[in-house]
Amino acid sequence: MVRRNVNFTRLHPVYLFADIAKQKAAFLLKNPHAQLISLGIGDTTEPIVQTVDQKLVEKAQALGTMRGYSGYGPEQGDPLLREKIALAAGVKPEEVFVSDGSKCDIGRLQHLFGTGLKVAVQDPTYPAYVDNSIIGGSSEIIYLACQPENGFFPEIEKAPPFDLLYFCSPNNPTGAVATHAQLERLVKEVKCRGAILLFDAAYSRYIQDPTLPRSIFEIAGAREVAIELGSFSKIAGFTGVRLGWTIVPEELHYEEGGSVRADWQRIATTCFNGASNIAQAGGVAVLEPQGLQEVELQIAFYLENASLLKDAFEKSGFTVYGGGNAPYLWIHFPGRSSWEVFEELLEKAHIVTTPGVGFGPAGEGFVRVSPYGHRSHILEAIQRIGRFVNKSASMKN
Ligand code: PLP
């Protein structure tokens, strides 16, 4: 018999969102008529904007014609799309690798670095960094606490030794956005330790404040130490279409001097056969002026949802972080367990959230609220929050 990859025994038995789906299903079994509102998983809800949808349809139709059919494309992605992503990020097209989504690239990154590495993450953190690192055989996960007390930015200079650092800004789940000065500290520290920074910019287009950095490559010296992950999921509603990218700069080298970019190119050709050509046609349309204008309106819509929810929780007396330049709200329930608050909101207000502790130990006492929802659902959720808080003395902090 084949032995199980022993690393699976080191994982939390259930992925966070599978756990929540289980709880939701159990609740609905007991309360089949409940009208649940999901502010839990960060999945987009609004239709793909018109210009982009049209391009997806055109490409799909062209594939059904002799002239328009094409098979495998370049594994690194459509040259036009690479060029557009590169232009927006201020990098070279040959440093951009188009993918079927950034979570898939987070998985494939494991092939790049091998086993036995020490991996540092923000705490709380997007769980895919931790789980993929564990499955890939990293020797240790180092949690760097990000809490209100430190402005959700870790004391990076005091962190124990690490080889890789995952950093997400705007952050999922806290909604914190790092400043130029903070990212300069990260780059400096990563460089001085000979480590690599894996910068997740999946929510970069939610940044409205022009003084905040949207890319790690806005920081001097980042090209020698960082890889950046990007995604069309939350900027263009491509969570189901599947399209993302990874930027690996030419200046990034291993300790021995070899090119990280060359190995990532090898992984793209060996473990991946390129993103869907239909999705890539949609990606090109997103990055054209009309597409950008339409997706920016959609982002503004989600940010307005976040702002309405933030107001509602604040009016009810809670301390709320995030929103503004990030989609997620991170709501503090001091002294209470996240799962307990999750259950109370589910049972009494029929609202699904995400328990903060599911993102890491420093998430205890918080729940994450997602702004992805139709406006009518968001307004209904706000009504329920008001009614529920008035009735429930235990919710007050
Ligand atoms: N990175 C972060 C921080 C995310 O929150 C998500 C999805 O929620 C992803 C990556 C995955 O994005 P994709 O849909 O491109 O795989």
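This briefing walks through some ring pairs, charge contacts and a small group of strands. Keep in mind that the model is predicted. The count comes to 19 aromatic pairs and 17 salt bridges, and there is an open sheet of four strands to look at as well.

**Aromatic rings**

- A pair of aromatic rings is described by how far apart the centres are and by the angle of the planes.
- Among the 19 aromatic pairs, take Phe 232 and Trp 245: their ring centres are 5.1 Å apart and their planes stand at 65°, so this pair is edge-to-face.
- Phe 232 sits in the loop between strand E7 (226-231) and helix H7 (233-236), while Trp 245 belongs to strand E8 (residues 244-247), so the pair ties together parts that are 13 residues apart in sequence.
- Buried or exposed? Phe 232 comes out at 0% relative accessibility and counts as buried.
- Trp 245, at 14% relative accessibility, counts as buried too.
- If you'd like to see rings gathered together, look for the aromatic cluster formed by Phe 17, Phe 152, Tyr 321, Trp 330, Phe 359 and Phe 366.

**Charges over rings**

- Arg 108 has its charged end over the ring of Phe 272, at 4.2 Å from the ring's centre.
- Over at Tyr 328, the ring has the charged end of Arg 368 sitting over it, 4.1 Å from its centre.

**Salt bridges**

- Arg 108 turns up again here: it forms a salt bridge with Asp 100, and the closest N and O atoms are 2.7 Å apart.
- The two partners sit in different accessibility classes, since Arg 108 is buried with a relative accessible area of 11%, whereas Asp 100 is partly exposed at 23%.
- Glu 155 and Lys 158 make another salt bridge, with 3.0 Å between the closest N and O atoms.
- In that bridge Glu 155 is partly exposed, its relative accessible area being 46%, and Lys 158 is exposed at 67%.
- Then there's Arg 336, whose side chain meets that of Glu 340 in a salt bridge of 2.8 Å, N to O.
- Arg 336 counts as buried at 14% relative accessibility, but Glu 340 counts as partly exposed at 41%.
- Which residues join Arg 336 and Glu 340 in a network of salt bridges? The answer is Glu 344 and Lys 348.

**The four-strand sheet**

- Strands of a sheet pair through backbone hydrogen bonds, and they can do so in a parallel or an antiparallel way.
- Here the open sheet runs in the order E9-E10-E13-E12, and the pairing is antiparallel.
- Strand E9 (319-322) and strand E12 (354-355) are the edge strands, each pairing on one side only.
- E9 pairs with strand E10 (residues 329-332) in the antiparallel sense, over four bridges.
- To find your place in that pairing, look for Val 320, which stands opposite Ile 331 in E10.
- Helix H11 (residues 338-349) packs on the sheet and touches E12 and strand E13 (366-369).
- The direction of H11 makes about 50° with that of E13.

Definitions and conventions: Residues numbered from 1 in each chain as written. Predicted model: local features only at pLDDT ≥ 70, side-chain atom pairs only at ≥ 80, totals over all residues. Heavy atoms only, no water. Phe/Tyr/Trp six-rings, centres within 6.5 Å; stacked < 30°, edge-to-face > 60°. Helix = DSSP H or I, 4+ residues; strand = E, 2+ residues; numbered from the N terminus. Buried < 20%, exposed > 50% of the residue type's maximum accessible area, 1.4 Å probe, protein only. Lys NZ or Arg CZ within 6 Å of the ring centre and 35° of its normal. Salt bridge = Lys/Arg side-chain N within 4 Å of Asp/Glu carboxyl O. Pairing = 2+ DSSP bridges. Contact = heavy atoms within 4.5 Å. Axes fitted to C-alpha atoms, helices over the stretch in contact; angles between N-to-C directions.
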